[in-house]
Amino acid sequence: MKIIVSMDPGTKNFALSKLAAKLDGDRVRFKLLGSTMLDPKMIMGDMKDLQNGVRKFYDYVSPVMEDATDIVIERFQARGGKGPVIECISSMIGALAYGQDAPLTAYTASTWKNAYNRVGD
């Protein structure tokens, strides 16, 4: 049984889902354990206090990942001038990558969306 935590990060909207999955013959069976938007006051929205912002975010999110066997997150790729958004999101991803025992994989949006569209609707 795999426990997968998936995230779509942002500085205003940050989505997180957790599911249990297992291979049953040639089928994957899964159960959604939960899905939520994180509290915007707990995610980094600026770089004014980097260390405290990273710590606050990590302390808020890390309990959800204690039993995770895999963590997947969407990388942020800025299109045009987005100010500190890419720095904030990269800092949050870095904190998760450093602080978790489970492997963390960061995908570009096009990578996972194209893979999904090959098999999903």
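**Group meeting talk: a five-strand sheet and its salt bridges**

I'll start with one residue: Phe30 is exposed, at a relative accessible area of 63%. Exposed here means over 50% relative accessible area, buried means under 20%, and partly exposed is in between, with a 1.4 Å probe and protein chains only. What you see is a predicted model, in which local features need pLDDT of at least 70 and side-chain atom pairs count only at pLDDT 80 or more, while totals for chains, interfaces and linings use all residues. Residues are numbered from 1 along each chain as its sequence is written, and side-chain values use heavy atoms, with hydrogens and water left out.

Phe30 lies in strand E3. A word on the labels: helices (H or I, at least four residues) and strands (E, at least two) are DSSP runs, numbered from the N terminus. E3 has 11 residues, and the number buried is 0, so the strand lies largely in the open. Phe30 also belongs to a nonpolar surface patch of about 380 Å², together with Leu23 and Val28. Such patches take residues with over 30% relative accessible area and no salt bridge; nonpolar side chains (Val, Leu, Ile, Met, Phe, Trp, Tyr) are joined within 5 Å, like charges within 9 Å. The areas come from the Shrake-Rupley method with a 1.4 Å probe, and for residues only the protein chains shown count as cover.

Now the sheet. It is open, with 5 strands in the order E3-E2-E1-E4-E5 and mixed pairing. Strand E3 (27–37) and strand E5 (104–107) are the edges, each pairing on one side only. Neighbouring strands are turned by 20° against each other on average, direction ignored. For that angle, axes are lines fitted to C-alpha atoms, for helices over the stretch in contact, and angles run from 0 to 180 degrees between N-to-C directions. Two strands count as paired if DSSP finds at least two bridges between them.

Going through the pairs from the E3 edge, E2 and E3 are antiparallel over 10 bridges. Within that pair, Ala21 has Phe30 as its bridge partner, and Lys18 has Gly34. The hairpin of E2 and E3 has 2 residues between the strands, and Gly25 in this hairpin takes a positive phi near 70°. E1 and E2 are also antiparallel, over 7 bridges, and their hairpin has 6 residues between the strands. Asp8 stands opposite Ala15 in E2. E1 (residues 2–8) and E4 (residues 70–74) pair in the parallel sense over 4 bridges, with Ser6 opposite Val72.

Next, the salt bridges. How many does the structure hold? There are 3, a salt bridge being a side-chain nitrogen of Lys or Arg within 4 Å of a carboxyl oxygen of Asp or Glu.

One joins Asp70 and Lys2, with the closest N and O atoms 3.4 Å apart. This pair links distant parts of the chain, with Asp70 in strand E4, Lys2 in strand E1, and their positions 68 residues apart. Lys2 is partly exposed at 43% relative accessibility.

Another joins Asp67 and Lys18, at 2.7 Å from N to O. Again distant parts of the chain are linked: Asp67 is in the loop between H1 and E4, Lys18 is in strand E2 (residues 15–24), and they are 49 residues apart. Are these two buried or partly exposed? Asp67 is partly exposed at 42%, whereas Lys18 counts as buried at 15%.

The remaining pair is Arg29 with Asp24, whose closest N and O atoms are 2.7 Å apart. Arg29 is partly exposed at 39%, and so is Asp24 at 37%.

Last, the interior. The largest nonpolar core has 22 residues, and those with the most contacts inside it are Met7, Phe14, Phe57 and Met65. A core here is a set of buried Ala, Val, Leu, Ile, Met, Phe, Trp, Tyr and Cys residues joined through side-chain atoms within 4.5 Å. At least two residues each come from E1, helix H1 (50–61), E4 and helix H2 (85–99). Which element gives the most to this core? That is H2, with 7 residues.
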